[in-house]
Amino acid sequence: MMKYKLILCCPLVAAFFLLSCSAPKMVNLDPVTVTENMPGSTVYRGSYSRTNDIINTRLDLSFDWDSAYVHGKATILAKPYFYATDQLLLNANGFRINTVSLVNSYDKKPLRYSYDGKILSVTLDKVYKRDQNYTVFIDYVAMPNKLKVGEDISSSGDRGIYFVNKDGKDKNKPRQIWTQGETECNSNWFPTINDPQEKMTQELNITVPNEFVSLSNGSLEFSSMNGDGTRTDSWRQEQAHSTYLTMLAIGNFTITKDKWRDKEVSYYTEPAYASTARLVFGNTPEMMEFFSVKLGVDYPWDKYSQIVVRDFVSGAMENTSATVLYEGLNMSEGQYLDQNHEDIIAHELFHHWFGDLVTAESWANLPLNESFATYGEYLWDEFKHGRDQADFKGLQDLSAYISNKSKEDEDVIRFNYADREHMFDEISYQKGGRILHMLRKTVGDEAFFKALHLYLTRNAYKTAEIHDLRLVFEEVTGTDLNWFFKQWFLASGHPVLNIQNNFDPEKKEVSITIRQNQDLSKTPLYRIPMAIDIYLNGKVERKEIVLDKQKQSFIFPVAGLPDLVNVDAEKYILAEKSEVKTLQQYVFQYGHAPLFMDRMEAVIMLLQMKDENLSKRTLIAAMKDKSWAIRNTALSVIEHLSNEERTSVYGEIKELALKDSVSQVRASAVEILGKYYRSMDNRGVFAITANDKSPAVKKATSDASEK
């Protein structure tokens, strides 16, 4: 009897799934040498110390498009955080400071200040105690385009505010202004305190050309016509949020109005894409309802807007109540079929609970924002499209993390990052999302969502660190979970598991031996609760185990040779796994084990057994699997079939090309027709697929027709 070895996730599999991964936030940094990260150096990136606390910021803003200048008047209501002080330090990068004054009733009293181009140090009129508020007025000009990369900012993606086609000379691009504050870029267009702990309410009075619309956080209170071709829009947000979440956007946008309960939901798109705005974003109210009910915390902000801009520096940004998205969300109906970007929309919306309502207190704790937002994608898929689709998303995340070997030595909660922008990676996003899924499976659904509710309500409009999350889970479950948080959130790496099972016919026992083969000098010896399903004579029996040793054997009595021993039966462990199974066991696994990952594992392994007739038959059957991802993967078997075998499934390939519900599968089937069925008369099929709404199918048809 031949045996085959499964290694999951191997680099080949990881690369396959990365093809369809999308990243809600990608930061491209210019090359930079960071000496703090050199071998032998020591660095600690903790929470910032707090001297002053901004209560409210009012900004009166106008713009010089030609020079890309921001003319601002900032009125900042603040107080000492704890210790009395007569100094206010504000981040203000590359400004021209005109005046700094203390506001007293309706009077302004000039204040002494010093400014080094980055920090504005204001000397107050007296020493203030922590229960004494003061108001400082600053008249300034911000000049973001003059900031030098490598000197004033780390990369061109850190300017904070961007003027798109500012002179209007590019006829193929609209004129726009938009901002991107995360991590610490908003201080490039208004004076503030760069610290995720710094939460404030705000008022933005934005003067724009009459033909443009504006968007900011909170609600549009009123608009005033200025009589000179401009209008001033007054936006107010009365709920506190972190300073990096302040935003504005200006341009020629069409606003498509929607609603969730009694709150406004709106989609800002270029006029050419207004007709598909509801198609692209129309699930938003349902997402808001689902997340609100699931978390037991209603969407907490005044409204929710999503705006698609040009030349955005990342995929999207969850500014409070006003998410900015890159131009890939400008989609035709056909493009939506190929990639609907629901993952990005769900990710940024979930941030409005995890990131906006409760914010990571330091960049080291960024996974409290990004891991949750990534897991929000999984939760939405599970609810809307079923567990198969959600588990496919989970596999993509696992593969994205596993395939990046350069990140193996990075902790999830990292206090030693070289640059805070480096926190936006597969560790904070994909690995963190998978860890949250394991936490859910470890404590159970009821406890998981009850703990999230407690975390959100206890820390609402505040910041939190990883231990705040641990403590609420321990409070809800009544169990110590320090072991889980220590090995997953506060350490690097992942388990590397070798799994073997053996049946003893004399003792009527099956033994499962699991070895943890990760480098224990860098990576923990894990404690892993898991389930093992044993299939025999049409029945399945589940065994619960806890793996907590480097090598461990588990022995169970059985009536005979099992059809399948399915280790990690819930398929939730973040690990690389190697396991020996027979061809027959993989075929049985595909046909009988219940989960997407059971079937996908089997299909991947059967594709490696390309010369086995049983493998081919199973893969041909898998071309009709309920999961489009498995159908698409199983199509690879066509390459390994004989001419006679290919002819026998020609009808099935045509059926997929013409009628499959998912455009990626239709496109794959068309490609196969063009590559492996050139002797057949495919003209009728190609005549139909050439008119498919999907650009991917049209391109596949064009390529196939030329062969």
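Where does lysine 571 lie, between which two strands? I started there, keeping in mind that this is a predicted model.

**Lysine 571.** I found lysine 571 in the loop that runs between β29 (564-567) and β30 (576-582). Its phi is positive, about 50 degrees, although the residue is not a glycine. I then looked up its exposure: the relative accessible area is 12%. I put lysine 571 down as buried, because 12% falls under the 20% cut-off.

**Histidine 341.** Here is another non-glycine with a positive phi, this one about 60 degrees. I traced histidine 341 to the loop between α4 (333-338) and α5 (342-350). Buried or exposed? Histidine 341 is buried, with 8% relative accessible area.

**A cis bond.** I checked omega for the peptide bond from glutamate 182 to threonine 183 and got a value near 10 degrees, so I noted the bond as cis. Threonine 183 belongs to the loop between β11 (176-179) and β12 (199-209).

**Helix α8.** I wanted to see how the length of α8 (residues 427-443) compares with expectation. With 17 residues at 1.5 Å a residue, the helix should span 24 Å, and I get 22 Å between its end C-alpha atoms, which agrees. Next I looked at burial: 15 of the 17 residues are buried, so the rest of the structure largely encloses α8. Just after the helix comes glycine 444, with a positive phi of about 95 degrees.

**Surface patch.** On the surface I noted a nonpolar patch formed by Tyr81, Phe82 and Tyr83, whose accessible area together is about 370 Å². I placed phenylalanine 82 in the loop between β3 (69-80) and β4 (85-91). Its relative accessibility is 41%, so I count phenylalanine 82 as partly exposed.

**Cores.** Which residues have the most contacts inside the largest nonpolar core? My list reads Phe291, Trp353, Phe473 and Ile514, in a core of 135 residues. Helix α13 (residues 596-607) gives the largest share of this core, nine residues. Apart from it I found another core, of 64 residues, including Leu61, Phe63, Ala92 and Leu248. As a reminder to myself, nonpolar side chains tend to be buried together in soluble globular proteins.

**Isoleucine 514.** I picked this residue for a closer look and set aside its neighbours within four places in sequence. The contacts of isoleucine 514 include Leu497, Ile499, Met530, Ile545, Leu547, Phe554 and Val567. Asn498, Gln550, Lys551 and Gln552 are also among the residues in contact with isoleucine 514.

Definitions and conventions:
Residues are numbered from 1 along each chain as its sequence is written. This is a predicted model: local features need pLDDT of at least 70, side-chain atom pairs count only at pLDDT 80 or more; totals for chains, interfaces and linings use all residues. Side-chain values use heavy atoms; hydrogens and water are left out. Helices (H or I, at least four residues) and strands (E, at least two) are DSSP runs, numbered from the N terminus. Buried means under 20% relative accessible area, exposed over 50%, partly exposed in between (1.4 Å probe, protein chains only). The expected span of a helix is 1.5 Å times one less than its number of residues. Patches are made of residues with over 30% relative accessible area and no salt bridge: like charges are joined within 9 Å, nonpolar side chains (Val, Leu, Ile, Met, Phe, Trp, Tyr) within 5 Å. Accessible areas come from the Shrake-Rupley method with a 1.4 Å probe; for residues, only the protein chains shown count as cover. A salt bridge is a side-chain nitrogen of Lys or Arg within 4 Å of a carboxyl oxygen of Asp or Glu. A nonpolar core is a set of buried Ala, Val, Leu, Ile, Met, Phe, Trp, Tyr and Cys residues joined through side-chain atoms within 4.5 Å. Contact means heavy atoms within 4.5 Å.
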